[in-house]
Amino acid sequence: MTEDQRFMSRCIALAQLGAGTTSPNPMVGAVIVHEGKIVGEGYTSPYGGPHAEVNAVEAVKIQYGEEQAYSILKQSTVYVSLEPCAHYGKTPPCADMLVALGVNRVVIGCEDPFGKVNGLGIVKLQEAGIEVEIGVLEEECRFINRRFFTKIKENRPYVILKWAETKDGYFAPEVPAQVWISNKASKQLTHKWRSEEDAILVGTATALIDNPMLDNRLWTGKSPKRVLIDKSLDVPRSHKLFVDQKTDLIVFNEQKTEWSGNLKYIALENFDMYLPQNILYQLYLMDVQSIIIEGGHRTLDAFIHAGLWDEARVFVGDTMWDRGIVSPRLPVPYKEEIQVASDTLRLYYR
């Protein structure tokens with residue numbers, strides 16, 4: 001691993017500390033290096049707050065005082081996992097800040113495809129005479145912002161499928177009932193994932209049978225927006241989804257559109273036609289960057305058959321049923337296996 005790769009690897013680790021807080025902005029990490037030593041580092045604050053580069057520069061100022069910090073910065077290399085922004089949004093352009101500071105060199109993991117950046121940050125740095133290198137650990141830098149890139153390029157949220165199945169490939173019992181397949185460690189991990197994504201979706205059958213809350217009570221951080229597919233509004237208002245109104249509950253149906261506080265009904269015309277596409281587009285318009293699909297077989301299959309999924313996280317429990325509803329089938333093999341106590345977690349990518 002080269003020195004540039006080593007410092008970029010640190011940027012990636014920092015960026016991931018912002019998981020679940022930066023959306024709809026990307027997760028970015030920045031490291032400032034002077035004479036081979038890290039003198040400041042930072043990652044993107046929760047949405048609306050300072051970007052990674054600003055936080056890294058502030059860390060240098062705190063460490064060395066403003067006067068010495070400016071001298072150090074002029075002789076430093078700034079590593080950043082994503083191209084510095086070039087436009088005014090919630091905060092001023094980071095590229096302008098780096099130009100004003102007169103940093104010596106900027107190493108960028110990958111370019112930002114957002115229309116108001118898309119190479120303009122790089123151009124600003126180069127026109128100011130700053131040495132710029134692009135593409136260090138590019139694949140890894142793109143992977144951590146796969147949600148952001150999907151939303152920008154495909155005009156839809158990044159879709160994560162999640163379910164549990166038995167060792168012999170069964171997903172649910174033949175007679176509808178709530179039966180746990182995965183263990184407690186896997187359940188807690190699932191709640192961690194919920195804290196990292198913008199939304200979570202289930203269908204009518206899952207809501208009726210499991211009566212879920214769809215929060216992340218077993219982890220820290222925010223709970224996701226809850227999304228329910230309920231064509232005929234069959235789920236009673238007494239169910240937990242409706243009782244807990246701390247986060248948005250978005251109900252896609254064919255009967256009414258009505259918004260009241262955190263409860264949002266959205267009626268879809270021709271409900272059964274292109275349902276996954278219509279749901280994802282509506283969520284995109286609501287600035288949802290990522291969603292976990294935790295529904296039943298019918299819901300999961302709808303997204304799989306539409307080709308509207310990006311990754312799947314499948315827990316294989318330490319149990320055999322011999323009979324039941326066969327679990328969904330994906331058109332690709334799993335890429336990775338991770339042991340979670342007695343369960344095996346299989347990760348798939350489309």
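A residue counts as buried when its relative accessible area is under 20%, as exposed when that area is over 50%, and as partly exposed in between. This report applies those classes to a predicted model. Phe148, with a relative accessibility of 6%, therefore falls in the buried class.

**Aromatic pairs**

A pair of aromatic rings is described by the distance of the centres and the angle of the planes. Six aromatic pairs are present in the structure. In one of them, the ring centres of Phe148 and Phe149 lie 5.9 Å apart and the planes meet at 50 degrees, so this pair is classed as tilted. Phe149 is buried, with a relative accessible area of 5%, and its partner Phe148 is buried at 6%.

Another pair is formed by Tyr281 and Tyr284, whose ring centres are 6.0 Å apart; because their planes stand at 25 degrees, the arrangement is stacked. Both tyrosines belong to helix 11, where a spacing of three residues separates them by about one helical turn. Tyr281 is partly exposed at 43% relative accessibility, and Tyr284 is partly exposed at 22%.

**Salt bridges**

Side chains of opposite charge can pair when their charged atoms come close. The structure contains 22 salt bridges. Three of these pairs are set out below, each with its N to O distance.

| Basic residue | Acidic residue | N to O distance |
|---|---|---|
| Lys124 | Asp96 | 2.8 Å |
| Arg147 | Glu197 | 2.7 Å |
| Arg217 | Asp215 | 2.4 Å |

The salt bridge between Lys124 and Asp96 has its closest N and O atoms 2.8 Å apart. This pair links distant parts of the chain, since Lys124 sits in helix 5 (residues 120-127) and Asp96 in helix 4 (residues 94-101), 28 residues apart. Lys124 is partly exposed, with a relative accessible area of 28%, and Asp96 is partly exposed at 30%.

Arg147 and Glu197 meet through their side chains at 2.7 Å, N to O. Arg147 is located in helix 7 (residues 146-154), while Glu197 occupies the loop between helix 8 (184-196) and strand 8 (199-203), so the salt bridge ties together parts that are 50 residues apart in sequence. Arg147 is buried at 11% relative accessibility, and Glu197 is buried at 0%.

In the salt bridge of Arg217 with Asp215, the N to O distance is 2.4 Å. Arg217 is partly exposed, with a relative accessible area of 45%, whereas Asp215 is buried at 9%. Beyond these pairs, a network of salt bridges links Asp4, Arg105, Glu131 and Glu133.

**Cysteines**

A disulfide is a covalent bond between the sulfur atoms of two cysteines. A search of the whole structure finds zero disulfides. For Cys11, the closest cysteine sulfur is that of Cys141, and because the separation is 7.3 Å, it is too far for a bond. Cys85 is likewise in no disulfide; the nearest cysteine sulfur belongs to Cys94 and is 3.8 Å away. The cut-off that applies here is 2.5 Å between the sulfur atoms. Cys11 is buried, with 0% relative accessibility, and Cys85 is buried at 7%.

**The largest pocket**

The largest pocket encloses about 1300 Å³ of space. Its lining comprises 50 residues, and those that lie nearest the centre are Thr206, Asp210, Glu294, Gly295 and Gly296. Several elements give two or more residues to this lining: strand 6 (158-165), strand 7 (170-172), helix 8, strand 8, helix 9 (204-210), helix 11 (275-285) and helix 12 (297-305). Divided by class, the lining has 24 nonpolar, 14 polar and 12 charged residues.

Some of these elements also appear in the contacts described above. Helix 11 carries the Tyr281 and Tyr284 pair, and the loop between helix 8 and strand 8 holds Glu197.

**A residue in strand 12**

Leu263 is found in strand 12 (residues 263-267). With a relative accessibility of 9%, Leu263 is buried. Leu263 and Ser23 are separated by 240 residues in sequence, and their C-alpha atoms are 21 Å apart in space.

Notes. Residues numbered from 1 in each chain as written. Predicted model: local features only at pLDDT ≥ 70, side-chain atom pairs only at ≥ 80, totals over all residues. Heavy atoms only, no water. Buried < 20%, exposed > 50% of the residue type's maximum accessible area, 1.4 Å probe, protein only. Salt bridge = Lys/Arg side-chain N within 4 Å of Asp/Glu carboxyl O. Helix = DSSP H or I, 4+ residues; strand = E, 2+ residues; numbered from the N terminus. 1 Å grid on protein atoms, 1.4 Å probe; cavity = no way out; pocket = protein on both sides within 12 Å on 5 of 7 lines; lining within 4 Å. Points joined across faces, edges and corners; volume = space filled by probe spheres on them. Nonpolar A, V, L, I, M, F, W, Y, C, P; charged D, E, K, R; others polar. Phe/Tyr/Trp six-rings, centres within 6.5 Å; stacked < 30°, edge-to-face > 60°.
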